[in-house]
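Hi everyone, thanks for making time for this today. I'd like to walk you through one protein chain, starting with an unusual spot and working our way inward.

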Amino acid sequence: MPKKKPAKLSGDDIAAPLSAQVGESIDTWWWLSHKGTTISFLCISLFALLIRSAVSMFPYSGAGTPPRFGDFEAQRHWMEITTNLPAIDWYRNGTYNDLTYWGLDYPPLTAYQSYIHGIFLRMFNPESVSLLTSHGHESYLGKLLMRWTVLSSDLLIFFPAALFFVLVYHKNRTGSSKSEVAWHIAMILLNPCLILIDHGHFQYNCISLGLTMGAIAAVLCESEVLICVLFSLALSHKQMSAYFAPAFFSHLLGKCLRRKNPILSVLKLGIAVTVTFVIVWWPYLHSLDDFLMVLSRLAPFERGIYEDYVANFWCTTSILIKWKKLFTTPSLKSISLAATILASLPSMVQQIISPSNEGFLYGLLNSSLAFYLFSFQVHEKSILMPFLSATLLALKIPNHFNHLTYYALFSMFPLLCRDKLLLPYLTLSLLFAFIYHTKQKTKASSSSFTNFPGYVSLLRTHFFISLALHAVYLTIQPPQKYPFIFEALIMILCFSYFILFALYTNYTQWILSSHFRSKDKEKKQI
């Protein structure tokens, strides 16, 4: 029999398997992820700690600027107060606790954290927390010990919470590859905004955000009592954790309403919340005056609806509408509260009607954005709240997450420049861009929102304007008549992006409702 001639292979026939092989070999994260999530997490954690340590070698808020210094001095002063005075006097004005000098204005769990860290400082450097005489203390050892307290807080609370979330999230998520898990871990642990604020500027947001992330992971594994305990602790550490409260409340309420005995379910969660708050707040619950004294410190309404140039609604519109002149402070409190509730309401209603884990994650993002954009007395650092939520959704909205990271960092640019953190700002921005672009293309939730005419060109224009503003801010002196003109332009640009992003995420969350309803119909037909 004559031999069959081999079929001629076309260029496409050869290219197809070759491209498949190349695609398989291009897995950037394979070397890190092939041995499993735990090893990936440990390796990325070590690198994240190295980055944090490097940033902490730079200046901090208020370094060498008497008489009040900055956030570093505020945190040190709270350690001084808590280690030298009884708990009942921590929030009370007195001879040894002048509340006009960085008075404690966070909930009791922050005070307990300050007490523990203050004991640590007193063991190795007692003069750094000595009562009254330590104001403005900036010795090398004192600064080193203070930096270690932030690193240890990150390592003991934020890192375990990140591992808890990643394990639960990717267990429930179908089709997660090991490389995607490793990339997601990197996005969470190498959060450039959090690193710059906590380890550069100097704060302890890693504690409240870590407790919140633990509560989010508990939602995903349906441990409702643990949710209530962890989120109550987050609220008791920083009142800004209330940015997430509408999402937790609406999701849990939506779940409870679908049970045989919803009242009993709500009561059980209410007991868990109450017990947690009673334990944390116990020293201040013996009298109504003491309790109200602490509450008054947590809500500094006398400062006005805004202070610095923050990329939210009130600051941005104040260029045209002089809110502080038109309305009294009580009126502005009511207006901002109403605006925040209205902005949070669509997201809350969606979760009450159709609670789901994915919808809950979008709800966290939308409620925290609503608070950032419309609530009373917002700070630049408050962008950490919506940014954490976006980080948890990084695999679902990768392109939007990339843009949000850029504008979240840019919104804090003037603050970080004042703290002399320009080099860490630029380095972490480039590091994020590098790690972000090592991710392989994955299936992400798409939305017709990104197809709106002119949307992509608008973002491109935004980006080039922001680059120009970086250069202008660093090289040109503002006119004497308008000394904060560049800060105002940065604020306007970032606010315009945040508004677009909030519209997109609210739209996406509501699209989920129809998606899950169609799935339920398919199940019923089967």
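Let's begin in a loop: F69 sits in the stretch between helix 3 and helix 4. Please keep in mind that this is a predicted model, and every value I mention was computed from it. F69 has a positive phi of about 60°, although it is not a glycine. The loop between helix 3 (37–55) and helix 4 (71–84) also holds P67. A cis peptide bond joins P66 and P67, with omega at about 10°.

Where else does a residue other than glycine have a positive phi? L132 is such a case, with phi near 70°. L132 is in the loop between helix 5 (108–124) and helix 6. Is L132 buried or partly exposed? Its relative accessibility is 40%, so L132 counts as partly exposed.

Now let's step back and look at the whole chain. How many helices and strands are there? The count is 23 helices and zero strands. The chain has 526 residues, and 52% of them count as buried. The accessible surface is about 25,000 Å², and carbon and sulfur atoms account for 68% of that. Here is a number about how the chain folds back on itself: take the contacts between residues at least 6 apart in sequence, and 79% of them join residues at least 24 apart.

Let me show you two pairs of that kind. L163 belongs to helix 6, and its C-alpha atom is 9.2 Å from that of G214, although the two are 51 residues apart along the chain. L163 has 25% relative accessibility, so L163 counts as partly exposed. The second pair is L384 and L209: they are 175 residues apart in sequence, yet 8.6 Å apart in space, C-alpha to C-alpha.

L384 takes us to helix 18, where it lies. With 1% relative accessibility, L384 counts as buried. Leaving out residues up to four places away in sequence, L384 touches C193, L194, I197, N205 and L209. What about the rest of that helix? Helix 18 covers residues 384–392, and nine of its nine residues are buried, so it is largely enclosed by the rest of the structure. Among those buried residues are P386, F387 and L392. And which helices do they pack against? The partners are helix 6 (140–172), helix 7 (178–189), helix 8 (192–202), helix 9, helix 17 (357–374) and helix 19 (398–411).

Helix 9 deserves a short stop of its own. It spans residues 205–220, and S208 is part of it. S208 has a relative accessible area of 0%, which means S208 is buried. Setting aside residues up to four places away in sequence, S208 touches A234, H237, K238 and S241.

Next, the nonpolar core. As background, nonpolar side chains in soluble globular proteins tend to be buried together. In this model, the largest nonpolar core has 148 residues, and those with the most contacts inside it are F158, F165, L189, M213, F248, Y372 and F498. Which helix gives the most to this core? That is helix 23 (residues 485–525), with 13 residues. Domain 1 (220–294) and domain 2 (300–378 + 443–526) both contribute residues, so this core lies between them.

Let's zoom in on F165. Apart from residues up to four places away in sequence, F165 touches H184, I188, M213, I216, A217, L220, L361 and L392. You met L392 a moment ago, as one of the buried residues of helix 18.

Finally, a look at the aromatic rings. A search of the whole structure finds 35 aromatic pairs. Ring pairs link a cluster that includes Y372, Y406, F410, F463, Y497 and F498. Two of those names, Y372 and F498, should ring a bell from the list of residues with the most contacts inside the largest nonpolar core.

Rings can also have a charged partner. The charged end of K324 sits over the ring of Y306, 4.3 Å from its centre. K333 lies over the face of F301, at 4.3 Å from the ring centre.

That's the tour. Thanks for listening, and please do ask about anything that went by too quickly!

Terms used:
Residues numbered from 1 in each chain as written. Predicted model: local features only at pLDDT ≥ 70, side-chain atom pairs only at ≥ 80, totals over all residues. Heavy atoms only, no water. Core = buried A, V, L, I, M, F, W, Y, C linked by side-chain atoms within 4.5 Å. Buried < 20%, exposed > 50% of the residue type's maximum accessible area, 1.4 Å probe, protein only. Helix = DSSP H or I, 4+ residues; strand = E, 2+ residues; numbered from the N terminus. Domains from an automatic or database assignment. Contact = heavy atoms within 4.5 Å. Phe/Tyr/Trp six-rings, centres within 6.5 Å; stacked < 30°, edge-to-face > 60°. Lys NZ or Arg CZ within 6 Å of the ring centre and 35° of its normal. Areas by Shrake-Rupley, 256 points an atom, 1.4 Å probe, with all protein chains shown as cover.
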